[in-house]
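Open the model in your viewer and keep the selection panel at hand. The stops below are meant to be taken in order.

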Amino acid sequence: MRVLLGPLGDEGATILRIYAWNVTHGGGAARAPNEYRIQLTGEMPENVPGETTIVLGWSSTFRTFAGWDATVHGHRSSNSPSLQIREETLVSANSIGLAAALRNSDDVVVAFRAELLAVYCLNAEEIHSDTAAEIAELLNEIAASAHDVVEDTQPDPVTESRHKIARVVTTNFRAWDFGRRINLAYRGRCSVCTIQLALTEAAHIIPVAWPGSTDLTSNGLSLCRNHHRAYDANLLSITPGYVVEISALRGRSLRAASLEGGLDELMAFDGATLAVVPDAMADRPRPEFLNTGREARRWVG
Ligand SMILES: [Zn+2]
């Protein structure tokens, strides 16, 4: 499969040549019980100048992809070549999103959840560069660090790494992980109107670009798309005491622009207590974050 990312003719566009097989256990007494693999059959991976070749395995058991270095294996001659990955790596990726393992001194295999496929594809060349051991360690560190993001953000060894990949993967991985945690904590419900229908999104309370913003679950809200847009447009806000406020000022300017359709329905939430908050106290929106979020957004009510 060939995939073009970016506008056609743009120098920045990336052409991906993707080869994908199913990851299976393979069985047989000769195989280690924890070894999974893809059996390369049919068309062999080929490196074409100007294209990025990706070799992938999909494990339906662990719901994760595995990615191998296409350059190392593309030229191996064997009647029945296969690429291996250990069960632990797949299990780990299934549970925390991303895991890497060293296969030998110069090769890293990466397992990741489907949501991270684009991040992997766009960074596969760097992930499988000549510093495999370092990269494997770095990727595992990124995956582990997102889950124990605590209090303040000290200088982060991951983002200070000399590898560009650390910054790129960290940003994407943490955004994905933040969304996953918010979705779990709110059980996919909008905290204002309770709608589910897979229509909710994770919203940062203190905007990402604002100093002091974090990816803690307590700096997030689960909001349906309408309420997320309203929140970002300062039409809706949440007080540090979890009270929903609808901006009278914005309401007036919408009326003046003859755009008041739905305003009465929205106004019905004004003064209501937040309908959904996470069960765990630590995951609930932190009042000081809500306060700073309102300052950052210049909420006037
Ligand atoms: Zn909503």
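The tour goes from a metal site to a strand residue and then to aromatic rings.

This is a predicted model, in which local features need pLDDT of at least 70 and side-chain atom pairs count only at pLDDT 80 or more, while totals for chains, interfaces and linings use all residues. Residues are numbered from 1 along each chain as its sequence is written, and side-chain values use heavy atoms, with hydrogens and water left out.

**Stop 1: the metal site**

Select the zinc ion. Its coordination comes from SG of Cys-190, Cys-193 and Cys-224 and from ND1 of His-227, at 2.0 to 2.4 Å. Donors here are N, O and S atoms within 2.8 Å of the metal (3.2 Å for Na, K and Ca); water is not among the atoms, so sites may look incomplete. Along the chain, the donors of the zinc ion have the spacing C-x2-C-x30-C-x2-H.

Which geometry does the site of the zinc ion have? The site is tetrahedral, with angles of 96 to 118° among the four donor atoms; four donors count as tetrahedral if all angles lie between 85 and 135 degrees. The ideal angle for four tetrahedral donors is 109.5 degrees.

Now colour by accessibility. Cys-190 counts as buried because its relative accessibility is 0%, whereas Cys-193, at 23%, counts as partly exposed. Buried means under 20% relative accessible area, exposed over 50%, and partly exposed in between (1.4 Å probe, protein chains only).

**Stop 2: Thr-64**

Select Thr-64, which lies in strand E5 (residues 64–68). Strands (E, at least two residues) are DSSP runs, numbered from the N terminus. Thr-64 is buried, at 0% relative accessibility. Leaving aside residues up to four places away in sequence, Thr-64 touches Gly-57, Trp-58, Ser-59, Leu-90, Ala-93, Asn-94, Phe-112 and Arg-113; contact means heavy atoms within 4.5 Å.

**Stop 3: aromatic rings**

The whole structure holds six aromatic pairs. One of them is Tyr-19 with Trp-21, stacked at 6.4 Å centre to centre with 10° between the planes. Tyr-19 is buried at 7% relative accessibility, and Trp-21 is buried at 13%.

Next, select Trp-58 and Phe-65. Their ring centres are 4.8 Å apart and their planes are at 55°, so this pair is tilted. Rings of Phe, Tyr and Trp (its six-membered ring) pair if their centres lie within 6.5 Å; planes under 30 degrees apart count as stacked, over 60 as edge-to-face and the rest as tilted. Trp-58 is partly exposed at 21%, while Phe-65 is buried at 14%. Add Phe-112 and Tyr-120 to see one aromatic cluster with Trp-58 and Phe-65.

Technical notes:
Tetrahedral: all angles 85-135°; square planar, octahedral: opposite > 155°, others 65-115°. Helix = DSSP H or I, 4+ residues; strand = E, 2+ residues; numbered from the N terminus.
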